[in-house]
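Ready for a few exercises? Have a go at each task before you read its solution.

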2 protein chains.
Amino acid sequence: MIPLNENLVRNFTYIENLAVLEHDFHKNKIPAEDPFDPEQFKSTADLVNSLLKNHLANTKTRGLKLTDPTILLEKAMKLMGSESSTVAKFDAKKLESILELYMSTGIPVQSTGYMGRQFSSPLPLSGITDFVSSIINQPSSFYEAAQLPNVVEQIVADKFYNLIGWNNHDPAMVTTSGGSLANMTAILAARNNAFPEIWKKGVMGIDKNLLPAIAVSEDVHYSITRAVGILGIGEDQVIKLPTNKKKQICINQVETVLDEAAAKGLKVFCLVASAGSTSIGAIDPINELGDITRKRNIWLHVDGAHGGGFLMSNKLKHKLNGIHKVDSFIIDAHKMLFVPGTCTLLFYKDKQKAKGAFQQKASYVFEKNEDIYTKYDSAEKNFECTKRPMIMNLWVPWAMYGKSVYSNKLEYLYQLTQKAYRTILIQKDFIAHHQPESNIFCFSYIPENLPKILNFDFQLAIRNVLKEEGKFFISKVEIDGNTVLRVVFMNHNIKIEKFEQLLDEIRNIGQKIIKNWTKNN
Amino acid sequence: MIPLNENLVRNFTYIENLAVLEHDFHKNKIPAEDPFDPEQFKSTADLVNSLLKNHLANTKTRGLKLTDPTILLEKAMKLMGSESSTVAKFDAKKLESILELYMSTGIPVQSTGYMGRQFSSPLPLSGITDFVSSIINQPSSFYEAAQLPNVVEQIVADKFYNLIGWNNHDPAMVTTSGGSLANMTAILAARNNAFPEIWKKGVMGIDKNLLPAIAVSEDVHYSITRAVGILGIGEDQVIKLPTNKKKQICINQVETVLDEAAAKGLKVFCLVASAGSTSIGAIDPINELGDITRKRNIWLHVDGAHGGGFLMSNKLKHKLNGIHKVDSFIIDAHKMLFVPGTCTLLFYKDKQKAKGAFQQKASYVFEKNEDIYTKYDSAEKNFECTKRPMIMNLWVPWAMYGKSVYSNKLEYLYQLTQKAYRTILIQKDFIAHHQPESNIFCFSYIPENLPKILNFDFQLAIRNVLKEEGKFFISKVEIDGNTVLRVVFMNHNIKIEKFEQLLDEIRNIGQKIIKNWTKNN
């Protein structure tokens, strides 16, 4: 029986400050061209489609044109103009100028000269789906607000659980805004699982003789060590696992390092491995790590942000051998599944543990009684309150074209990378730093006439000139203290001949650098 | 002098497993209709523009049609069809069916029946800009990858710093993926500022006699207490500040509560206030809290996710009186600035402290030497590695229409809410639970013939029937243990007559419920 709260009724019926009601607001007249008018929307959107089509069609080989920020700032401010007190008339020419500036100053990911980073020109249909989400604006942490995205998550989760080999009929997949957030969420679930009191009592509330610690590869992504700092565990409690020449966690040293950590009074509650390291795309020995962590009751998390997408290909999924043994892992669909940033999938083996990351209730958002609808809510499992229905960007192309739209491209990129490796192997003046395990490949230009001692970093110098020339866009990375050249193949329009052109370009640049240096020394 | 690492060169030139190179991959033939073809993109995008235009034009009054998830799941699976081993031919009809299902099952935010949540039908141009970002795909944590978005952040930051009254020529604004992430980032910066050792040593490394604690309103958003759990401080260390009848932090009790906390050995390093609480849109006394926290050397963070946008309006910014005194605060542009989810702005008063949230370096992403380009990088200040260039969605409409496109709508919504309040005040059978401070308003239907004792929650019952009938979409919230009806006005097409229709609808439903109950009791 719920009695009527008379007190509540009376307390709130008085008028506090009626004057404000009479406040003389302007009539907010809608201008002749209403920014919210559907016709205006359509004509603007059609214009933008044309601009984007031309942008996508321009695949000619080029790199990035880097502009001085102060010059760009000036341009942008000029385009913006001065503030007016009324809503300005829509000016299609101005919009075109703004968008042209936006498109022309970006990394040309659709160009065959783009071999530089882990993001790509997305599947157009994925971008179009994202547009629908931008307009209909359905935050997807709750079933009520985004019905289709929430059931689609279930469908996609089922598909992936099958690919993983988890024959779990109640999958616990979480979509979240980026790999850093997904990694943190998983480590948080691991932390809370190992230290059930920590959510309420804090890290200082736990046994001093058993400090929480986490074991990671020497070559782990910065988001992992960052998460340790955030979660209150402290970077000092990060145990580094040595890597082998392939930059994989050196499996026969793992137990020793874990034993040493235990001897120091550390409780390693989580081990983080990579499936596709950022630097060279190395894949840690998941299968063997799975055995070690299971034996020692350590949560195994795999950061598959880059390489996790290999699950989609029957020919490449063996690279993730043992993935069914992990406790959690992530895939950035905005990397190797070619959807716009961001769309990260976090998988838990155990559904109950998925709920462990965030241990709280909030009456006005979480319904107390699970019903057929709220059963699909994800707000208790994901960090975000307002979350984009990002799963749609992955699912719609999947539904329309089939899984092959992903696997074909992945396989092509993998094959291309292997060809690039083979190409380097037969050059006398280049060296390969590893046999690529994914679509990332590091190499150096070491011509015979390279002076043994230089007062600058030769590979870095090459990369900088290459970047400035603006024909190719590649990246660089440090391996064992040496800068090396790095390509990431994300564009399926690149053929091996294009890579050979890149090598010629590097030769030209390198020889010019040597000539100049020799002249001056 | 950097000597050439001969060792590195030799180690890596051997061929590990050439066989894999010969792996017989299928030729990944591009199908007749290439999913990446720009023409295919254009025709699909044009089709989608038409669908979206019709969607936006359909503003007729209606609520949400909630579908049984199992039925929706079946529909989606049927649309998806079975997996094929080749890339399927593009089927425009199928895409139309998928998108129709997506649009028709969402909350109709563009309808005049939508008065339920804090997200809106976004400014169409903002959604269109977002589409450009989806296609050109420029993650914006680094200047190199997203040049225009990074200088635009500077422009927008300058504008806001002026509005705040911070005459800081080096603003420290961070854009991030949602209010929860922004709140956590600010609290993290506050934690690291108060406990400089914590990042490395962890929470257990700090003085046991000075436990970190945080003071928040009784009515604070769940993301704040969640952040405390995440950061390793522990929910037990959350100090609740009592609220007054208006659900604002009761200013004359703050010092007492803080004294009590100090007496218990807690070091309150951060006080979090709201500018627009989620439940009723209450705005805490920022100005007075600014004085108290400055005196006590406590970091003042204001969660302005909802109401922070008032800064954009000369007529409404007084509601944030004292905002220049805070150390950090956030605005969700995807709430009251009408851009698609998500786009959150986090402001720090002190630029140096902005860098305190994430205290680490990662060679392969962070350049060691700041140059004219990397000076604009934000990766050290924001949580994300891959981050959407969300600022464009706020800036492009601003540049095109002027600030008025935001302020006009805000002022209209505010005025409408005040009118709704006045409307309720003159009804004998309704009560207002507060004078609205923003565009959120809570009220109850209490007719004279309402039985004094009911065995169910009357307001909740009304809301549920209303939801099921699908004409209006409103929400409910608990105030002092009582469920009350809640409207959030986010749609400027709603006129006060529409609210009066809602009241009539509530009367009809309420009277039916009473009649039924009376008949059966």
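## Exercise 1: How far to trust the model

In chain A, pLDDT stays under 50 over residues 1-31, yet the model has 56 contacts beyond four places in sequence for that stretch. Keep in mind that this is a predicted model. Your task: decide how to read residues 1-31 of chain A, then look at the scores for the chain and the complex.

Solution.
- Step 1: Start with the stretch itself, residues 1-31 of chain A, where pLDDT is under 50.
- Step 2: Where pLDDT is low, the predicted coordinates should not be read in detail. So go easy on the details of those contacts.
- Step 3: Now the whole chain: chain A averages a pLDDT of 91, and 91% of its residues score at least 70.
- Step 4: For the complex, the predictor gives an ipTM of 0.94 and a pTM of 0.94.

## Exercise 2: Placing an aspartate

Work out where Asp332(A) sits, and whether Asp332(A) is buried or exposed.

Solution.
- Step 1: Find strand β7 of chain A, residues 328-332; Asp332(A) is part of that strand.
- Step 2: Check the relative accessible area, which is 2% for Asp332(A). Buried means under 20%, so Asp332(A) counts as buried.
- Step 3: Look for its neighbours. Leaving out residues up to four places away in sequence, Asp332(A) touches Gly178(A), Gly179(A), Gly304(A), Ala305(A), Leu337(A), Cys343(A) and Thr344(A).
- Step 4: Zoom in on one of these: a polar atom of the Asp332(A) side chain lies 3.3 Å from the backbone nitrogen of Gly179(A).

## Exercise 3: A helix and its packing

Which residues of helix α11 (residues 286-296) of chain A are buried, and what do they pack against?

Solution.
- Step 1: Pick out the buried residues of α11(A): Ile286(A), Asn287(A), Leu289(A), Gly290(A), Ile292(A) and Thr293(A).
- Step 2: Follow these to their partners in chain A, namely α10 (251-263), β5 (266-274) and β6 (299-303).
- Step 3: Step just past the helix, to Asn297(A), and you'll find a positive phi of about 55°.

## Exercise 4: Where the chains meet

Describe the contact between chain B and chain A.

Solution.
- Step 1: Count residues: 207 of chain B are in contact with 208 of chain A.
- Step 2: Take the area. The two chains bury about 19,400 Å² between them, 64% of it on carbon and sulfur atoms.
- Step 3: Tally the salt bridges between the chains, 14 in total. One of them joins the side chains of Lys159(A) and Glu83(B), at 3.9 Å from N to O.
- Step 4: On chain B's side, helix α2 (residues 38-57) supplies the largest share, 16 residues.
- Step 5: Sort that side by type, and you get 109 nonpolar, 53 polar and 45 charged residues.

Note on methods:
Residues are numbered from 1 along each chain as its sequence is written. Chains are lettered from A and ligands numbered from 1 in the order in which they are written. This is a predicted model: local features need pLDDT of at least 70, side-chain atom pairs count only at pLDDT 80 or more; totals for chains, interfaces and linings use all residues. Side-chain values use heavy atoms; hydrogens and water are left out. Helices (H or I, at least four residues) and strands (E, at least two) are DSSP runs, numbered from the N terminus. Buried means under 20% relative accessible area, exposed over 50%, partly exposed in between (1.4 Å probe, protein chains only). A polar contact is a pair of N or O atoms within 3.5 Å; within protein, one must be able to donate a hydrogen and the other to accept it, and residues adjacent in sequence count only if both atoms are side-chain atoms. Contact means heavy atoms within 4.5 Å. Buried area is the accessible area (1.4 Å probe) that two parts lose on being put together, summed over both. A salt bridge is a side-chain nitrogen of Lys or Arg within 4 Å of a carboxyl oxygen of Asp or Glu. Ala, Val, Leu, Ile, Met, Phe, Trp, Tyr, Cys and Pro count as nonpolar, Asp, Glu, Lys and Arg as charged, and the others, Gly among them, as polar. pLDDT is the predictor's confidence in each residue, from 0 to 100.
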